[in-house]
Amino acid sequence: MELRPFCFLEAMLKQTPLNPVHRALGAKMVDFGGWDMPLHYGSQIEEHHQVRRDAGMFDVSHMLAVDFLGEGGRTFLRGLIANNVDKLSLPGKALYSCLLDEAGHVIDDLIVYFMREGWFRMVVNAGTADKDLSWIGGRARGAGKDLEITPRRDLAMIAVQGPNARAKFWQAMPGTRTVTQNLKVFQAAEAEGMFIARTGYTGEDGFEIMLPAAKAEELWNRLAACGVKPAGLGARDTLRLEAGMNLYGQDMDETVTPFESGLAWTVDMNSPRDFVGKAALQQKLPARQLVGLVLVDRGVLRSHQKVITPSGEGEITSGTFSPTLNRSIALARLPVGAKVGDEVKVEVRDKRLAARVVKYPFVRNGKALV
Amino acid sequence: MSIPAELKYTKTHEWARLEGDGLVSVGITHHAQELLGDMVFVENPQVGRKLGANEECAVVESVKAASDVYAPVAGEVVAVNGELEGAPQKINEDPYGAWMFRLKPANPADLQGLLTAAQYQEQVESEEH
């Protein structure tokens with residue numbers, strides 16, 4: 001077999017504040033978008049099950065929080081992103097959205113939190129952070145004095161996910177409970193110097209916690225003492241794919257619109273407001289759609305494999321072996337004619353394997369949905 | 001690192017064991033399974049297929065990626081380990097016990113041309129730097 005040699009200059013990679021902790025735990029480290037990140041700490045599949053069945057924690061400090069301070073924030077964000085920040089009126093409420101270019105193509109996907117008038121916080125992907133900042137900075141020129149955009153590289157981010165994640169977090173940090181126990185999904189609050197959001201990328205309950213970098217290791221160790229096990233980017237990928245959540249750069253990028261990426265629900269076309277990309281989205285009907293696939297034959301679906309359907313060819317954007325379902329699943333971009341229930345063929349090496357088009361998510365809150 | 005002295009190895013991370021009946025068992029090394037991670041799928045060659053040395057003949061897939069497995073020596077496939085189909089993780093748990101297929105070698109002397117444990121170890125170490 002051919003094994004890609006892992007030979008890179010470690011000094012060139014960026015490190016999160018928890019990097020020494022991962023190394024001490026014996027994690028297998030990989031280059032992820034220029035960051036030296038843990039792929040797994042022994043077994044990716046065990047880490048996956050740990051999150052589905054109990055509680056796991058991820059270092060997601062490579063993602064970037066960006067604060068929008070000043071009274072001009074709401075007006076600016078209303079025109080910047082495809083979802084509508086006017087849906088955010090209750091302090092703490094969060095919104096998932098795409099950031100589009102003029103052609104309606106996806107620059108990034110993000111979450112924006114409304115904490116109070118004068119403070120919105122956005123969290124963007126690691127690999128796209130620099131590109132996002134320069135795009136946003138360009139749009140902000142001329143936005144007036146009432147807007148200050150501050151990247152928060154001083155913050156670390158830990159995601160605690162799983163059916164027991166919140167209970168174990170409160171055990172580790174009892175002082176946060178009063179403030180966070182009534183948070184609904186996609187709501188955030190501040191407690192004990194931390195920004196605590198009931199969000200995640202696994203399809204399980206839990207929190208994403210932002211805190212000063214110097215405090216990250218202490219929180220990590222406290223969570224570990226309460227039985228929260230570390231999980232790497234490998235498990236994060238299989239969990240998010242089972243949960244039917246898109247990965248930027250794989251399931252969508254600057255060549256497709258949100259409508260071609262299963263993200264129509266995140267685009268607000270109904271309000272009269274204008275936003276970057278709106279005119280382009282109004283003009284063309286999508287020719288492709290993102291669907292779920294379950295492999296019927298034996299094998300493993302992978303990104304870029306060709307999919308053959310009665311309405312034409314498509315391509316897998318993300319594919320993996322699903323540890324929860326014990327079979328292979330995928331997201332695929334297919335012609336709009338393909339329908340749920342259709343049997344399609346996927347080219348895997350020299351074979352054409354049978355797969356079925358399904359509605360996704362595949363798994364939510366520990367339960368199989370397909 | 002686990003590299004049993006009694007086995008032969010390839011540059012492409014397969015191991016080969018000459019059995020008492022003259023057949024050659026083939027699997028992938030501890031180093032290979034460690035780099036690939038949790039195994040989820042194994043596709044073995046058809047019994048009866050005649051393989052040339054270094055011919056692509058099987059596939060192992062981990063959660064991370066698919067990798068081709070090559071025949072260490074020329075020969076005919078006389079058996080495949082069907083147990084791995086339902087339990088590919090055995091390759092992670094016991095890489096030198098989890099043989100994938102057995103060959104009747106075209107020329108048993110070909111095994112002498114493979115890497116020794118010491119040579120394979122040297123190669124693995126050179127790849128890591």
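1. Which backbone nitrogen does the side chain of Ser311(A) reach? In this predicted model, the side chain of Ser311(A) comes to 3.4 Å from the backbone nitrogen of Ala338(A). Ala338(A) also belongs to the set of residues that Ser311(A) touches beyond four places in sequence, a set that includes Pro335(A) and Gly337(A) as well.

2. As to its setting, Ser311(A) lies in the loop of chain A that runs between β15 (306-309) and β16 (312-322). Ser311(A) is partly exposed, because its relative accessible area is 36%, a value that falls between the limits of 20% for buried and 50% for exposed. For a sense of distance within the chain, the C-alpha atom of Ser311(A) is separated by 14 Å from that of Pro286(A), a residue 25 places away along chain A.

3. Helix α8 of chain A (residues 233-242) deserves a separate remark, since nine of its 10 residues are buried and the helix is therefore largely enclosed by the rest of the structure. Among these buried residues are the charged side chains' owners Arg236(A), Arg240(A) and Glu242(A), together with Leu233(A), Leu239(A) and Leu241(A). After α8(A) comes Gly244(A), which has a positive phi near 70°.

4. On the cysteines, a reader may wish to know that the structure holds zero disulfides over all chains. A disulfide is a covalent bond between the sulfur atoms of two cysteines. Cys98(A) counts as buried because its relative accessibility is 0%, and Cys226(A), with a relative accessibility of 16%, also counts as buried, since the cut-off is under 20%.

5. The contact between the two chains draws on 20 residues of chain A and 28 residues of chain B. The size of an interface is often given as the accessible area lost when the parts come together. Between chain A and chain B the buried area is about 2100 Å², with carbon and sulfur atoms contributing 54% of it.

6. Turning to the polar side of this interface, five salt bridges are counted between chain A and chain B. One salt bridge joins the side chains of Arg298(A) and Glu85(B), with an N to O distance of 4.0 Å. Across the interface, 11 residue pairs are found in polar contact, with both residues of each pair at pLDDT 80 or more. On the side of chain A that touches chain B, α2 (44-53) and β16 of chain A each supply at least two residues, and the residues of that side divide into nine nonpolar, five polar and six charged.

How values were computed:
Residues are numbered from 1 along each chain as its sequence is written. Chains are lettered from A and ligands numbered from 1 in the order in which they are written. Side-chain values use heavy atoms; hydrogens and water are left out. Helices (H or I, at least four residues) and strands (E, at least two) are DSSP runs, numbered from the N terminus. Buried means under 20% relative accessible area, exposed over 50%, partly exposed in between (1.4 Å probe, protein chains only). Contact means heavy atoms within 4.5 Å. A polar contact is a pair of N or O atoms within 3.5 Å; within protein, one must be able to donate a hydrogen and the other to accept it, and residues adjacent in sequence count only if both atoms are side-chain atoms. A disulfide is a pair of cysteine sulfur atoms within 2.5 Å. Buried area is the accessible area (1.4 Å probe) that two parts lose on being put together, summed over both.
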